[in-house]
Amino acid sequence: MNRSDPIYNTIALVILTIIFVLFWNFTTGTSDVEGRIASNEVVMDSLSIIYEHFYRMIPIFFTVVLFSLAITFFLEEWIPQQSWQYRIIERIIAILASIPSLVYGILGAYLLVIQSDRISYLTLIVTVVLLVVPVIIQSTQMAIQGVDIPVREAAYALGANRWRVIADHVLPNAFPVILGGIFIAISRVLAIAALIIVVYEWKITQLQSMISFGISKSVVILLSSALISSIFSSFLHKNSDYRTN
Amino acid sequence: METNNFSIETENLSLWYGDFQALIDVSVNIPEGKITGLIGPSGCGKTTLLRCFNRVNERYGNVTTKGQIKILGKNIYDEDVSLLELRKTVGMVFQRPNPLPISVYDNILFGLRIHSPFRSLTRTQSDEIVEDALTSVFLWEDLKDKLKTRATSLQLEQQQKLCIARLLPLKPTIILMDEPCSALDAKGTLAVEELMGVLSGTYTFLIVTHNMAQAKRISDECIYMFLGELIEHRETQALFENPEHPKTADYVQMRYG
């Protein structure tokens, strides 16, 4: 991989986007969102709420991504594929991933936030885990299964152990696809956050303010996240290794 | 060291994939420093037998093995056998060329890096090793300016030769080949066969092939297998010209298969 690879461009793009978003938040955002939610105060800026919690979500997101990668590698490389444990876990994950993300969002918003009247770390963690883990596991599974069996066999036949094969071959080859899955998960979280803000405002304020603030901004977020993730995936696809041979 | 001139000896080797018995009581002695061909119809256990010798089979799970395989006089199913050492001694070349998707240079050093302590190879040492390995498979002239290119972008023939070259720095004694020429054209096949001829004194080759002509051309001894059983094991010429067993005769004289 050299410096002119598209992957560096995409990483730079991500960093720029984050900086832009943070800057925007500093200039336009308002503080003490929780207090205002608790006191049912009107005029909630959806963007400011999302990005208020964006800071909190970054470490959670990292941990959750690592966690789901670990699960996937355990599932794919350690558990025998014919065993009933593997089939059960795979089925559960498939079901979790196929549930519309709105369901998780509403679960997070209503059961956890409105019931307890505040946005806590626990809420964020539970929602993000439910939203992100199945999606990342599924895409990572695809990526790992996409690594050519001959490549693994070659490495094993040369005497490499399992860690070595994973670190040297499976991970680097599967990485672009794994990264794509992570971006999809990010966009899923952002999109559902935007939707939830709309629903949330509706609950607290009138429909009027929802139309004026919520929908327009959440649509912008939705579209932009879809756009960004499609750009990413097109770059990553170009960059992936599977097309040689 | 006094050896009994057999690189591989198996005794009553049986192998099951789940309930299916793929090998039935195979006892065979593979001579040292020669090319032994394994022939037989598809699904007769040639590849399975080959894969037993460096225990790549075990990765599939639900494989049961009974009997003994002795490589250089040591049973490889003993508790104290290290898979790493075994796979260092017994190299394997696969049906489709499978260079690792890294540079040519790293491909050749990959095996050695696994088996030597971290960062113990100096730059000059590794350069020499790469040059030696590529020279012995006649690739050095073609590839000396392309050491940093990705190995998967080479021609198929070069890839397959590279797969052989990759084994050489580990100094294996046995090289297993699972239809090494089936993905190559006539010219590539010829090149690989020539290479095997040159290397055969130093290494013991065991080659699975579906190509009768190839088995005839390159192997010193031939093994005919049928439905998991070893039917006949003789010198190639004898096996092809006057086979003892009627099943062998049917196969080698192309009455079927």
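Two residues are in contact if their C-beta atoms, placed from the backbone, lie within 7 Å. The exercises below use this cut-off on a predicted model of two chains, A and B.

**Exercise 1. Describe the contact between chains A and B: how many residues does each chain give, and which elements of chain A supply them?**

Step 1. Count each side. Chain A gives 18 residues to the contact and chain B gives 20 residues.

Step 2. Assign the chain A side to elements. Helices α7 (149-157) and α8 (162-204) of chain A each supply at least two residues. The largest share comes from α7(A), with 7 residues.

Step 3. Sort the chain A side by class. There are 9 nonpolar, 6 polar and 3 charged residues on the side that touches chain B.

Step 4. Note the confidence. For the complex, the predictor gives an ipTM of 0.78 and a pTM of 0.69.

**Exercise 2. Set out the make-up of each chain: how many helices and strands does it have, and what percentage of its residues is buried?**

Step 1. Take chain A. Its secondary structure comes to 9 helices and 0 strands. Along the sequence the pattern reads α-α-α-α-α-α-α-α-α.

Step 2. Take chain B. Here there are 10 helices and 10 strands.

Step 3. Look at burial. In chain A, 33% of the 245 residues are buried. In chain B, buried residues make up 42% of 257.

Step 4. Look at contacts with a separation of 6 or more. In chain A, residues 24 or more positions apart account for 76% of them. In chain B, the figure is 69%.

Step 5. Check the confidence of chain B. The average pLDDT is 84, and 97% of the residues score at least 70. Helix α10 (residues 246-252) of chain B has the lowest confidence, at a mean of 81, and β8(B) has the highest, at 90.

**Exercise 3. Test helix α7 (residues 186-199) of chain B: what span is expected, and where do its buried residues lie?**

Step 1. Work out the span. At 1.5 Å a residue, the 14 residues of α7(B) should span 20 Å. The end C-alpha atoms are 20 Å apart, which agrees.

Step 2. List the buried residues. They are Gly188(B), Ala191(B), Val192(B) and Met196(B).

Step 3. Look down the axis. The buried residues of α7(B) fall within an arc of 135 degrees, so they line one face of the helix. An α-helix has 3.6 residues a turn, so residues three or four places apart point the same way.

Step 4. Turn to the other side of α7(B). Ala186(B), Lys187(B), Glu194(B) and Val198(B) are exposed there.

Step 5. Find the packing partners. The buried residues of α7(B) pack against β3 (35-39), α6 (156-167), β8 (204-208) and α8 (212-218) of chain B.

**Exercise 4. Examine α6(B): how many of its residues are buried, and what covers them?**

Step 1. Check the span. α6(B) has 12 residues and reaches 17 Å from its first C-alpha to its last, close to the 16 Å expected.

Step 2. Count the burial. Of the 12 residues, 11 are buried, so α6(B) is largely enclosed by the rest of the structure. Among the buried residues are Glu157(B), Lys161(B), Leu162(B), Cys163(B), Ile164(B) and Arg166(B).

Step 3. Name the cover. It includes β6 (90-93), α3 (104-115), α4 (123-136), α5 (140-143), β7 (174-178) and α7 of chain B.

**Exercise 5. Trace the open sheet of 4 strands in chain B: what is the strand order, and which strands are at the edges?**

Step 1. Write the order. It is β2-β1-β4-β5, with antiparallel pairing.

Step 2. Find the edges. β2 (20-31) and β5 of chain B each pair on one side only.

Step 3. Follow the pairing of β1 (residues 6-17) with β4 (residues 63-71) of chain B. These strands are joined by 8 bridges. Glu9(B) stands opposite Lys70(B) in β4(B).

Step 4. Move on to β5 (residues 74-75) of chain B. It pairs with β4(B) over 2 bridges, in the antiparallel sense. Ile71(B) stands opposite Lys74(B).

Step 5. Inspect the turn. The hairpin of β4(B) and β5(B) has 2 residues between the strands, and Leu72(B) takes a positive phi near 55 degrees.

**Exercise 6. Classify Glu85(B): how many C-beta neighbours does it have inside 10 Å?**

Step 1. Place the residue. Glu85(B) is in helix α2 (residues 83-89) of chain B.

Step 2. Apply the cut-offs. A residue is buried at 20 or more neighbours and exposed at 12 or fewer. Glu85(B) has 13 inside 10 Å, so it counts as partly exposed.

Step 3. Compare sequence with space. Glu85(B) and Asn54(B) are 31 residues apart in sequence and 9.9 Å apart in space, C-alpha to C-alpha.

Conventions:
Residues are numbered from 1 along each chain as its sequence is written. Chains are lettered from A and ligands numbered from 1 in the order in which they are written. This is a predicted model: local features need pLDDT of at least 70, side-chain atom pairs count only at pLDDT 80 or more; totals for chains, interfaces and linings use all residues. The expected span of a helix is 1.5 Å times one less than its number of residues. The arc is that of the directions from the helix axis to the C-beta atoms. Ala, Val, Leu, Ile, Met, Phe, Trp, Tyr, Cys and Pro count as nonpolar, Asp, Glu, Lys and Arg as charged, and the others, Gly among them, as polar. pLDDT is the predictor's confidence in each residue, from 0 to 100. Two strands pair if DSSP finds at least two bridges between them.
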